[in-house]
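Here is a short briefing to read with the structure open beside you. Take the topics in any order you like.

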Amino acid sequence: MNCQMQSGRMKAAPFILGAVFLAYFASNAILRQFVLYRAGAQSISLSTILEKLPAGIRDEVRQRVLIAELKDRLLAASTEGEKISASIALAGAISDKALQEKYAEIIDKYPSAPESAPAFINFLMAPNTALKSISIPRYHEYLKKIHDPDLFYAFDGGLNTLKSRKAANKELAAYLLPLLELKPGYREYQRLYVELSELAFQEANQDVELKARKLEEACGKLSFYDKILGPQQAAKKTKK
Amino acid sequence: MLKISGVFEITVKKMKEPAFAMLLVIAVLIGASVSEMEQLSFRQDSGVLFGLISLEQGQPLLTGFVVIFLMTAIVAIFSGATDIPKDIESRMIMLVLTKPITRIEYLIGKYFGIVAVCICFFLSGAITATLVHWARAGEIYQVQMLARQFFMLLALFPLVALTIMFSTFLADIGAMVVTAAYVFFSMLISAVSIFVDMLPKSLEVVSLVHVIAYFFPNFFYFFNSCKFSGIVLLALIAYSFSMTAIFLLVASFQMNRRDMI
């Protein structure tokens, strides 16, 4: 009788063990998710916790966390634009060298994407020591492929880069010249036309100056980008 | 079952000893002195601790009851760590095992006996705190709030099992020290593992910490303030009993193989 009972117990033992471990892992997972959900709901931010770390290691840990967050963002990216933006942000967080390499890679891989603008801006008339150098005509080709508001930011960013590289007035004027063939949609373009008209005045190019002045005036009557975008987004939301 | 209740009775009998009566008096005194303590709270900038034991939802834990529970935990570690080694040292265990009783039944009887002693200690303190609060403030705690305080007892079951498990491997003092260290380390690992969960998944540290965390009970779960209902309450009960079962399984394995002489 005792032997039979013992053998029954032995047979049941693996099932009991399995049930116990299953209950342990399942309940632990539920409770962990619950605690994390509540931590998220009460906005316990990572930065508050990181601030408590000793100063010596805080920056390094913060940098590691940032890189990991950007890696997660890159993995989660579904569109081409998201991938480009995330990979640029990640490379920027790693090092300046990595960022330069990423920019060069992006120009080769995505030559028409609006999100590639920072890469083109970075290499616009870059010195020979750089990984790449984008000429003004090549940059204009890229600008033809993108639309507002990216187009404005690309024009503006390119102009700032050229100025930082101490480009000659002639080069700056050549850079801004395609603006004359453009139909500006926002008030933001006004300062680019002001820049162009001043450059044309210095170069004594009256024809260009006149055209630029006219467009500059036309821009003054337009709304700012935010004002146009705001109602558009509201209309989209209402449609949804 | 009858055999287990026999061992249980022997274990509980020590409540009649004057030393235990003194312990109960201490529990009553603690209960009386902590009855007017505020709710347990942590500031938001306490970081992980706030995340683990924050008190924005549900019934809060009262600091007084937490103090009573901590005293009960000390009693649990002390009784759990000393009972079996003392029986082995005094050869009492040999006497018990000459009866038709297995080592596992002895272990389970001991476990329930120690749990009963600890519950008595906790109840003495808790009832005193409730009565003193009633006498001083003229109001009695809400039933839900009292229930929340008693849910803390769910942490007691695995704690006693854990202490008994170590006491089957070590002598009494050793078991006490190792249990205290293990509990302390568990709390550290639990806090770290929750913190790590907040980190981005790309950090390779995540999986390693999770694996380590599974070997340590997360006692913070028992101190959460929330609406203990539905699946969370069931999970908490399952967590408490499954951990208890695991520790007792390890203890029974060790009891079966160890030399009692």
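The notes below cover charged pairs, one helix, aromatic contacts and a serine.

This is a predicted model. Over all chains, it holds 10 salt bridges and 24 aromatic pairs. A few of each are picked out here, with a look at where the residues sit and how much of their surface is accessible.

**Salt bridge in helix α5 of chain A**

- A:K97 and A:E101 join their side chains in a salt bridge, with 3.9 Å from N to O. That counts because the cut-off is 4 Å between a side-chain nitrogen of Lys or Arg and a carboxyl oxygen of Asp or Glu.
- Both A:E101 and A:K97 belong to helix α5 of chain A, which covers residues 96-109. They are 4 residues apart, about one turn of the helix.
- Are these two partners buried or exposed? A:K97 counts as exposed, because its relative accessibility is 61%, and A:E101 counts as partly exposed at 41%.

**Salt bridges around A:R213 in helix α11 of chain A**

- A:R213 meets the side chain of A:E209 in a salt bridge of 3.6 Å, N to O. These two residues lie 4 residues apart in helix α11 of chain A (residues 206-220), about one turn of the helix.
- A:R213 also forms a salt bridge with A:E216, here at 3.4 Å from N to O. Because A:E216 and A:R213 are 3 residues apart in helix α11 of chain A, about one helical turn separates them.
- A:E216 is buried, with a relative accessible area of 16%. A:E209 is buried as well, with a relative accessible area of 16%, whereas A:R213 is partly exposed at 32%.

**Helix α6 of chain B**

- How far does helix α6 of chain B reach from its first C-alpha to its last? The helix has 35 residues (103-137) and reaches 50 Å, close to the 51 Å expected at 1.5 Å a residue.
- Just after α6(B) comes B:G138, and its phi is positive, near 75°.

**Aromatic pairs and a cluster**

- Over all chains, the count of aromatic pairs is 24. In one of them, the ring centres of B:F69 and B:F223 are 5.7 Å apart and the planes stand at 70°, so this pair is edge-to-face.
- B:F69 is in helix α4 of chain B (residues 63-89), while B:F223 is in the loop between α10 (205-213) and α11 (230-257) of that chain, so the pair ties together parts that are 154 residues apart in sequence.
- Both rings belong to buried residues: B:F69 has 4% relative accessibility, and B:F223 has a relative accessible area of 11%.
- One aromatic cluster draws on chains A and B. Chain A gives A:F21, A:Y24 and A:F25, and chain B gives B:Y214, B:F219, B:Y221, B:F222 and B:Y239.

**A buried serine in helix α11 of chain B**

- B:S240 lies in helix α11 of chain B. Its relative accessible area is 0%, so B:S240 counts as buried.
- Which residues does B:S240 touch, leaving aside those up to four places away in sequence? They are B:L154, B:F157, B:P158 and B:F222.
- B:F222 therefore links two of these topics: this residue is in the aromatic cluster and is touched by B:S240.

Definitions and conventions: Residues numbered from 1 in each chain as written. Chains lettered and ligands numbered in written order. Predicted model: local features only at pLDDT ≥ 70, side-chain atom pairs only at ≥ 80, totals over all residues. Heavy atoms only, no water. Buried < 20%, exposed > 50% of the residue type's maximum accessible area, 1.4 Å probe, protein only. Expected span 1.5 Å × (residues − 1). Phe/Tyr/Trp six-rings, centres within 6.5 Å; stacked < 30°, edge-to-face > 60°. Contact = heavy atoms within 4.5 Å.
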